[in-house]
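Reader: I would like to learn how to read a model like this one. Please take me through it feature by feature.

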Amino acid sequence: MAFGRTLIAIGVILVLAGLLVTLGARLPFRIGRLPGDIVIRGRHSVFYFPLMTCLVLSLVLSLVMWFANRR
């Protein structure tokens, strides 16, 4: 029973992630282009480090895991 619920939860999360990626261009903020992300442009290269995006994703995933673990 618990395994089935886990699979359903993972499926819902994947569907939400797919919708976020698909509709991401229409959102008022860009995932991966948040203020605080580091972009260094050189003459022939670009270095991009999504610092703020990593922090936001870490916070969201930590909250999801915390809520899931409270049961």
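Author: Start with a side chain that has polar partners. In this predicted model, the side chain of Asp-37 makes a polar contact of 3.0 Å with the side chain of Thr-53. A second polar contact, of 3.1 Å, joins the side chains of Asp-37 and Tyr-48.

Reader: Where is Asp-37 found?

Author: Asp-37 sits in the loop between helix 1, residues 2–22, and strand 1.

Reader: Is Asp-37 buried or exposed?

Author: The idea is to compare the relative accessible area with a cut-off. Buried means under 20%, and Asp-37 has 14%, so Asp-37 is buried.

Reader: How does Ile-38 count on that scale?

Author: Ile-38 lies in strand 1. Its relative accessibility is 35%, and the range between 20% and 50% is called partly exposed, so Ile-38 counts as partly exposed.

Reader: Which residues is Ile-38 in contact with, leaving aside its neighbours within four places in sequence?

Author: With those neighbours left aside, Ile-38 is in contact with Phe-47, Tyr-48, Phe-49 and Leu-51. For a separation in space, take Leu-63: Ile-38 and Leu-63 are 25 residues apart in sequence, and their C-alpha atoms are 25 Å apart.

Reader: How do I read the pairing of strand 1 and strand 2?

Author: Look at the direction, the bridges and the connection. Strand 1 covers residues 38–41 and strand 2 covers residues 46–49; the two run antiparallel and are joined by four bridges. Four residues lie between the strands, and the two form a hairpin. As for partners, Ile-40 stands opposite Phe-47 in strand 2, and Arg-41 has Val-46 as its bridge partner.

Reader: What should I expect of side chains along a strand?

Author: In a regular strand they alternate between the two faces of the sheet.

Reader: And aromatic rings: what describes a pair?

Author: A pair of rings is described by the distance of the centres and the angle of the planes. The count here comes to one aromatic pair. That pair is Trp-66 and Phe-67, with 5.0 Å from centre to centre and 55 degrees between the planes, and it is tilted. Trp-66 itself has a relative accessible area of 48% and is partly exposed.

Reader: How many helices and strands are there in the chain, and in what order do they run?

Author: The chain has two helices and two strands. From the N terminus on, the order is α-β-β-α. The radius of gyration is 16 Å, well over the 11 Å that the globule rule gives for 71 residues, so the chain is more spread out than a compact globule.

Reader: Which other values describe the chain as a whole?

Author: Begin with extent: the C-alpha trace spans about 55 × 25 × 20 Å along its principal axes. Next comes burial: 7% of the 71 residues count as buried. For contacts with a separation of 6 or more, residues 24 or more positions apart account for 3%. Last is the accessible surface, about 6,600 Å², of which 72% belongs to carbon and sulfur atoms.

Notes: Residues numbered from 1 in each chain as written. Predicted model: local features only at pLDDT ≥ 70, side-chain atom pairs only at ≥ 80, totals over all residues. Heavy atoms only, no water. Pairing = 2+ DSSP bridges. Buried < 20%, exposed > 50% of the residue type's maximum accessible area, 1.4 Å probe, protein only. Polar contact = N/O pair within 3.5 Å; in protein donor to acceptor, adjacent residues only side chain to side chain. Contact = heavy atoms within 4.5 Å. Phe/Tyr/Trp six-rings, centres within 6.5 Å; stacked < 30°, edge-to-face > 60°. Rg over C-alpha atoms; globule rule 2.2 N^0.38 Å. Areas by Shrake-Rupley, 256 points an atom, 1.4 Å probe, with all protein chains shown as cover.
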